[in-house]
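Dear colleague,

I am handing over the structure that we spoke about, and below it you will find my notes on what came out of it. Please read them with the sequence and the 3D view open beside you.

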Amino acid sequence: MAEQTQADIGLIGLAVMGENLALNIADHGFNVAVYNRTTQVMKNFIAANPDTPGGLIGCESVADLLAAVKKPRKIIVLVKAGAAVDTVAQQLIGAGLEKDDLIIDCGNSQWTDTIRREKDYSRQCRFFGSGVSGGEVGARFGPSLMPGGDAQAWRHLEPIWKAIAAKVDPGTGKAIETAKPGQPVKDGIPCTAYIGENGAGHYVKMIHNGIEYIDMQLISEAYFLMRNLLSLQPDELSPIFARWNQGDLDSYLIEITADILKQRDPRDADSFLVDRVLDTAQQKGTGKWTSINALDMGIPANAIAEAVFARCLSALKDERIEAAKHLAGPRYTYSGDRDELINAVHDALYCSKICAYAQGFQLMRAAEGEYHWKFDFASIAGIWRGGCIIRARFLQKITDAYTRAPGLVNLLLDPYFKEQLHKGQSHWRTVVALAAQAGLAAPAFMSALAYYDGYRSAQLPANLLQAQRDYFGAHTYERTDEPRGALFHLDWPAPDRPEIAMPAPGSAV
Ligand code: 6PG
């Protein structure tokens, strides 16, 4: 039971992320009141952490938690995304949460739920949604935080969020690497910034995860191609990724890939663990949401969607084992130069990555119109430079691109990225062609290249497609020699029939 109202912030939900976030906040000198549905979990947590700089207060009920936190109260909710968030919000409201108090939902909630909750609870409190990325280590020592909600409410949260977020070195643009318990990183640019109203923070976190999916898939394809074309063992591949991590591809995901590949199987020191991990990928849904949102808004985020489908295909393990017995592929042996291929895969990976990020930012651009947000893309790329799963040197280049041109239509058109694509595309095409020749599935490399080629084509075959639509369904077509929006129809096949000008949709005719 809390004895006095002294906590700077409250936190509900002491699973791994909740515990680590609470300790991170306390490390920065803030006093944190914590509550968990199972009281023993809370007691164990308090007992295990007696001496944090800010102090922890254990609360046995939601009412105790509200009594312990200074007003306006800030209550972080870290429970499973979905119905549990509403249950906790109702409990807080029932226990006396006040209109100026903030609920901060830090789970991977769907942004449409956050939009709804902000509206539904607006009479009782201020509902805030904050994306949190970086897994448990990030939560403990510095995550990337993507807060969205009422701009006035943000001012109350800002000092804590800026203190606990990962920090970037202003000189190099690189993340300042992790702290030790009780000794947090204090200097540097915090990896958090106000994203926008209602569900904007959770939307941007979802895009982060969509990019995470494609980033991971591309790295996995690079591994798969080098492994199969060059017959390299995991411990021969590990130093290649470690070397890449010193250059343009420098990123957390490349770094952990180098680590994973050198890991021996704890059960058998002669083999590598990666060879014992079953090749079926699971997913919790944020990549799927990103892809569905892309389809809903008509944005060609094909590489992101391909990364989700690649996981779905991987999950069909039994079917694939069976199909492998029946469906033949080509016979192919790579006979070229080893280092040349490694360099080519590097460039294919970098070019594909540029396309993947271009798609993520294109989605956010479209969402601005759809949900009436105004994003600062340089800032979003900036807060992804540290703390989060997709943190990478590359994000500084994106920050630079949107600082140069905040209205940039597509990242591919930025001078730096254009140059990289021009430099790398010959290798990228070689790798995609080799994958096809060898019968090795590389859907993300291929799909990213198709996006690049489609986006840079002034002429696509949709003229024929639209004619087909008009032929079988009178769906009309526009003409290249008439103003945009003027619609025509032909009674096909029609050697002797006139073309009919159709009324524009919504016109009074
Ligand atoms: C992060 C991650 C995290 C996500 C996991 C698992 O930013 O810290 O995105 O939020 O939940 O990576 O996601 P999947 O189970 O969908 O792979």
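In what follows, a residue is near a molecule if one of its heavy atoms lies within 4 Å of that molecule. With that cut-off, 13 residues surround the ligand, and the closest are Ser133, Lys205, Glu212, Tyr213 and Arg311. Please bear in mind throughout that this is a predicted model.

I begin with the surroundings of the ligand. By type, the residues of the shell divide into 2 nonpolar, 7 polar and 4 charged, and the largest share of the shell, 5 residues, comes from helix 8, which spans residues 200-230. Three side chains can be described in more detail: an N or O atom in the side chain of Tyr213 is 2.5 Å from an oxygen atom of the ligand, an N or O atom in the side chain of Lys205 is 2.8 Å from an oxygen atom of the ligand, and a polar side-chain atom of Asn209 lies 2.9 Å from an oxygen atom of the ligand. On its own the ligand has 420 Å² of accessible area, and the protein covers 80% of this.

Where does the ligand lie with respect to domain 1 and domain 2? It lies between them, because domain 1 (9-198) and domain 2 (203-455) both give residues to the shell around the ligand.

Turning to the protein as a whole, the chain is divided into domain 1 (9-198), domain 2 (203-455) and domain 3 (462-502), and the centres of domain 2 and domain 3, taken over C-alpha atoms, are separated by 40 Å. The protein has 19 helices and 13 strands. Its radius of gyration is 26 Å, close to the 23 Å that the globule rule gives for 509 residues, and the protein is therefore as compact as a globular protein of that length. Taken along the principal axes, the C-alpha atoms fill a box of roughly 90 × 75 × 50 Å, and 51% of the 509 residues count as buried.

One further residue may be worth finding in the view. Ile115 has its place in helix 5, residues 111-120. Is Ile115 buried, exposed or partly exposed? Its relative accessible area is 23%, and Ile115 is partly exposed because buried means under 20% and exposed means over 50%. Although Ile115 and His202 are 87 residues apart in sequence, their C-alpha atoms are 9.4 Å apart in space.

With best wishes

How values were computed:
Residues are numbered from 1 along each chain as its sequence is written. This is a predicted model: local features need pLDDT of at least 70, side-chain atom pairs count only at pLDDT 80 or more; totals for chains, interfaces and linings use all residues. Side-chain values use heavy atoms; hydrogens and water are left out. A polar contact is a pair of N or O atoms within 3.5 Å; within protein, one must be able to donate a hydrogen and the other to accept it, and residues adjacent in sequence count only if both atoms are side-chain atoms. Accessible areas come from the Shrake-Rupley method with a 1.4 Å probe; for residues, only the protein chains shown count as cover. Helices (H or I, at least four residues) and strands (E, at least two) are DSSP runs, numbered from the N terminus. Ala, Val, Leu, Ile, Met, Phe, Trp, Tyr, Cys and Pro count as nonpolar, Asp, Glu, Lys and Arg as charged, and the others, Gly among them, as polar. Domain bounds come from an automatic or database domain assignment. The radius of gyration is taken over C-alpha atoms; the globule rule is 2.2 Å times the number of residues to the power 0.38. Buried means under 20% relative accessible area, exposed over 50%, partly exposed in between (1.4 Å probe, protein chains only).
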